[in-house]
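The following points are offered as a colleague's note on the structure shown below. They are arranged by topic and may be read in any order.

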Amino acid sequence: NSGWDEVNCRGNPTKSQLVNSFIKDLVKVECKDLGVKSQARRAMEFKEFLTLLKIIRKKGFGNGQSMKGQLKWIRMAAFLSLQWQMIARMDDMMHLKFTNLCSNHDFPFCLKCTIRWSKNTKEERSFPNQMLCPSNDPLLCPSLNLGIYLERW
């Protein structure tokens, strides 16, 4: 937490007056849209996601695919539809196991799922069961896609 020592060039350089004035000038330039174009990623739009699922489904049931190849594409469709329903991050979904899915006794048409790898959770009670409801759209329905995957597997 020390400041910047101009004479000995020691301490925290972000506390330097020169660095802070440079950052202020840079912010002004960015506000005027004179800097480098933004490298920020944008979120995938719903239409793009549906198109991706259609392509995956076509690859999975296309001609000339081996059983192992079909299973890979069907698993990807199930994975993505489940991720969409859970509103989960990709890295959290990669840790999902079949043991995290179970039946729902209160609502037999739904499943329960627990994601145990969220970056913001620190203890077990932070992992509530989330309800997976079926969808009217067969592309987005996690129950249908998981059922197809399990049947093919």
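1. Buried positions of helix 3. In this predicted model, the buried residues of helix 3 are Gly69, Gln70, Leu71, Ile74, Ala77, Ala78, Phe79, Leu80, Ser81, Leu82, Gln83 and Met86. Several of these positions return in the point on Asn145 below.

2. Geometry of helix 3. The helix covers residues 67–86, 20 residues in total. From the first C-alpha to the last, helix 3 reaches 28 Å, close to the 28 Å expected at 1.5 Å a residue. Ile87 follows helix 3 and has a positive phi, near 50°.

3. Asn145 and its surroundings. Asn145 belongs to helix 5, which spans residues 142–152. Asn145 counts as buried because its relative accessible area is 3%, below the 20% limit for that class. Its side chain makes a polar contact of 3.1 Å with the side chain of Ser81, itself one of the buried residues of helix 3. When neighbours within four places in sequence are set aside, Asn145 is in contact with Arg57, Ala77, Ala78, Ser81, Pro138, Leu139 and Leu140. Of these contacts, Ala77 and Ala78 are also among the buried residues of helix 3.

4. Aromatic pairs. How many aromatic pairs does a search of the whole structure find? The search finds 3. One of them joins Phe46 and Trp84 in a tilted arrangement, with 5.5 Å centre to centre and 40° between the planes. Phe46 lies in helix 2 (residues 46–60) and Trp84 in helix 3, so this pair ties together parts that are 38 residues apart in sequence. Both rings are partly exposed: Phe46 has a relative accessible area of 38%, and Trp84 has one of 35%.

5. A further pair and a cluster. Phe107 and Phe109 form an edge-to-face pair, 6.1 Å centre to centre with 65° between the planes. Phe107 is partly exposed at 38% relative accessible area, whereas Phe109 is exposed at 54%. Elsewhere, ring pairs link Phe46, Phe49 and Trp84 into a cluster.

6. Cysteines and disulfides. A search of the whole structure finds 0 disulfides. Why is Cys110 not bonded to Cys133, which holds the closest cysteine sulfur? The two sulfur atoms are 3.7 Å apart, which is too far for a bond, because a disulfide requires the sulfur atoms to lie within 2.5 Å. Cys110 counts as buried, at 2% relative accessibility. For Cys113, the closest cysteine sulfur is that of Cys102, at 8.3 Å, and this too is too far for a bond. Cys113 is buried, with a relative accessible area of 0%.

7. Cys31. Is Cys31 buried or exposed? Cys31 is exposed, with a relative accessible area of 66%, so it lies above the 50% limit for the exposed class. Cys31 is found in helix 1, which comprises residues 17–31. The C-alpha atoms of Cys31 and Lys72 are separated by 46 Å, the two residues being 41 residues apart along the chain.

8. Points to inspect together. On the displayed model, helix 3 may be viewed alongside the polar contact between the side chains of Asn145 and Ser81 and the tilted pair of Phe46 and Trp84.

Methods
Residues numbered from 1 in each chain as written. Predicted model: local features only at pLDDT ≥ 70, side-chain atom pairs only at ≥ 80, totals over all residues. Heavy atoms only, no water. Helix = DSSP H or I, 4+ residues; strand = E, 2+ residues; numbered from the N terminus. Expected span 1.5 Å × (residues − 1). Buried < 20%, exposed > 50% of the residue type's maximum accessible area, 1.4 Å probe, protein only. Polar contact = N/O pair within 3.5 Å; in protein donor to acceptor, adjacent residues only side chain to side chain. Contact = heavy atoms within 4.5 Å. Phe/Tyr/Trp six-rings, centres within 6.5 Å; stacked < 30°, edge-to-face > 60°.
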